[in-house]
Amino acid sequence: MKLSWIALWVMIYASLLCCILAKLPHNNISPSKLHIVAARIRNQPISVPFDLFTNHEKEEKLNYIPRSLTDFTTRKSRLGFIRKVYAIFGTQMLTTILITYTIMTTHNIAQFLYENYQIIASSSFIISTGIIMSLVSNPKLRHKKPINFILLGIHTILQSIIVGTFSSIFSPKMVCYGTIHTLTAFLTIALYTFQPNPQYDFTILGSTLLTCLTTLLVGCVLNTYFHMPLLDNIFSGCLAVLFAIYLLYDMQMIVGGRHRKYQYGQQEYILAALNMYQNILSFYIQIIKLLHYNEKNKRKDSRSMEW
């Protein structure tokens, strides 16, 4: 069971790390740009042969549209992108809820998954990590339909099985409480993000959040060998807060606006939905762990009072 938890956290960390690395700028210089630079150095008129343009630049040159019509920095211009991302995210969450409900209400399925949890978690970890790495590292793959939706759907189903098996361990009352807490946090963050002019820009905190996540994950892995329940509870609380900030970070990158330093591009709806989905699942898991720890403490207090 501990190895499964470690694998789950490694998968989350790897996905977030790859998403941040995918946003780093590239310094590729095309032949057409080199021709322009050389002409400027020699003080000659700039006349770039059409053959020197790359295929991407040729396509842009032939299908040129004024910047005022293609500006993707304002919220009004991003409405279609926002609707697409939240539609994909909503489909993912609906799939997870239905699979989790089916597992929790069907005893045979829950027992089978629980007895074979090590195998299921390991195989899901390998497949999900491969899908995440492929989607994050290969822009052509995550932009190509329908393969991007197929890969995202497989990843969603695998994650839903893991979450459903995890939820079946706890009582339905605790799962409902965890769902309510998660939904409340999501709505609160969404209301803050969609207000006209949020005061703070969280899109600049990518490196800071990654550093905090790395530190907490290392602490969680080490704590599996020291068996300190109080420390595990502290880590769960810190991770819940961190994933809530990550959710706010991704939402601001989705909504965008001129006041945002970083934001998702027009074709990155798969990456945006994937990040938001991983953050909400991670937040839910930490909330369930906190509720479970609180219930255990209440049972200990009631037993001590009886004695």
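In the predicted model, Phe-194 is partly exposed, as its relative accessible area is 39%. The ring of Phe-194 pairs with that of Tyr-86: the centres are 5.9 Å apart and the planes stand at 55 degrees, so the pair is classed as tilted. Because Tyr-86 belongs to helix H5 and Phe-194 to helix H10, this pair ties together parts of the chain that are 108 residues apart in sequence. A second aromatic pair, formed by Phe-149 and Tyr-269, is stacked, with 6.1 Å from centre to centre and 25 degrees between the planes. This pair also links distant parts of the chain, since Phe-149 is in helix H9 and Tyr-269 in helix H13, 120 residues apart. The two partners differ in exposure: Phe-149 is partly exposed, with a relative accessible area of 35%, whereas Tyr-269 is buried, with a value of 2%. The total for the model is six aromatic pairs.

The protein chain contains 13 helices and zero strands. Of its 307 residues, 41% are buried. Among contacts between residues at least 6 apart in sequence, 81% join residues at least 24 apart. The pairs Tyr-86 with Phe-194 and Phe-149 with Tyr-269 both span such separations.

The largest nonpolar core comprises 60 residues, and Val-85, Met-251, Ile-254 and Met-276 are those with the most contacts inside it. At least two residues of this core come from each of H5, helix H7 (117-137), helix H9 (147-168), H10, helix H11 (206-226), helix H12 (229-255) and helix H13 (269-306). The largest share, 16 residues, is supplied by H13. Leaving aside residues up to four places away in sequence, Val-85 touches Ile-254, Tyr-269, Ala-272, Ala-273 and Met-276. Two of these partners, Ile-254 and Met-276, are themselves listed with Val-85 among the residues with the most contacts inside the core. Another partner, Tyr-269, is the buried member of the stacked pair with Phe-149.

Tyr-269 is also touched by Lys-145, which contacts Lys-84 as well, when residues up to four places away in sequence are not counted. Lys-145 is located in the loop between H8 and H9 and counts as exposed, because its relative accessibility of 54% is over the 50% cut-off. A cis peptide bond, with omega at about 0 degrees, joins Lys-145 to Pro-146. Most peptide bonds, by contrast, are trans. Pro-146 is likewise placed in the loop between helix H8 (139-143) and H9.

Thr-96, in helix H5, counts as buried at 3% relative accessibility, because the cut-off is under 20%. Its contacts, apart from residues up to four places away in sequence, are Thr-156, Ser-160, Val-163, Tyr-277 and Leu-281. Thr-96 and Leu-281 are 185 residues apart in sequence, yet their C-alpha atoms are 9.4 Å apart in space. By the residue ranges of the helices, Thr-156, Ser-160 and Val-163 fall in H9, and Tyr-277 and Leu-281 in H13. A further polar residue, Thr-182, lies in helix H10 (residues 172-194) and is buried, with a relative accessible area of 8%. Thr-182 touches Ile-280, Phe-283 and Tyr-284, again not counting residues up to four places away in sequence. These three partners are within the residue range of H13.

Helix H5 (residues 79-105) also meets helix H6 (residues 107-115): the two axes come within 5 Å and cross at roughly 95 degrees. H5 and H6 are therefore roughly perpendicular to each other, as the angle lies in the range of 65 to 115 degrees. On the H5 side the contact is made by Thr-102, Ile-103 and Thr-105, and on the H6 side by His-107, Ile-109, Ala-110 and Leu-113. By class, this contact includes four nonpolar and three polar residues and no charged residues.

Technical notes
Residues are numbered from 1 along each chain as its sequence is written. This is a predicted model: local features need pLDDT of at least 70, side-chain atom pairs count only at pLDDT 80 or more; totals for chains, interfaces and linings use all residues. Side-chain values use heavy atoms; hydrogens and water are left out. Axes are lines fitted to C-alpha atoms, for helices over the stretch in contact, and angles run from 0 to 180 degrees between N-to-C directions. Helices (H or I, at least four residues) and strands (E, at least two) are DSSP runs, numbered from the N terminus. Angles under 35 degrees count as roughly parallel, over 145 as roughly antiparallel, 65 to 115 as roughly perpendicular and the rest as oblique. Contact means heavy atoms within 4.5 Å. Ala, Val, Leu, Ile, Met, Phe, Trp, Tyr, Cys and Pro count as nonpolar, Asp, Glu, Lys and Arg as charged, and the others, Gly among them, as polar. Buried means under 20% relative accessible area, exposed over 50%, partly exposed in between (1.4 Å probe, protein chains only). A nonpolar core is a set of buried Ala, Val, Leu, Ile, Met, Phe, Trp, Tyr and Cys residues joined through side-chain atoms within 4.5 Å. Rings of Phe, Tyr and Trp (its six-membered ring) pair if their centres lie within 6.5 Å; planes under 30 degrees apart count as stacked, over 60 as edge-to-face and the rest as tilted.
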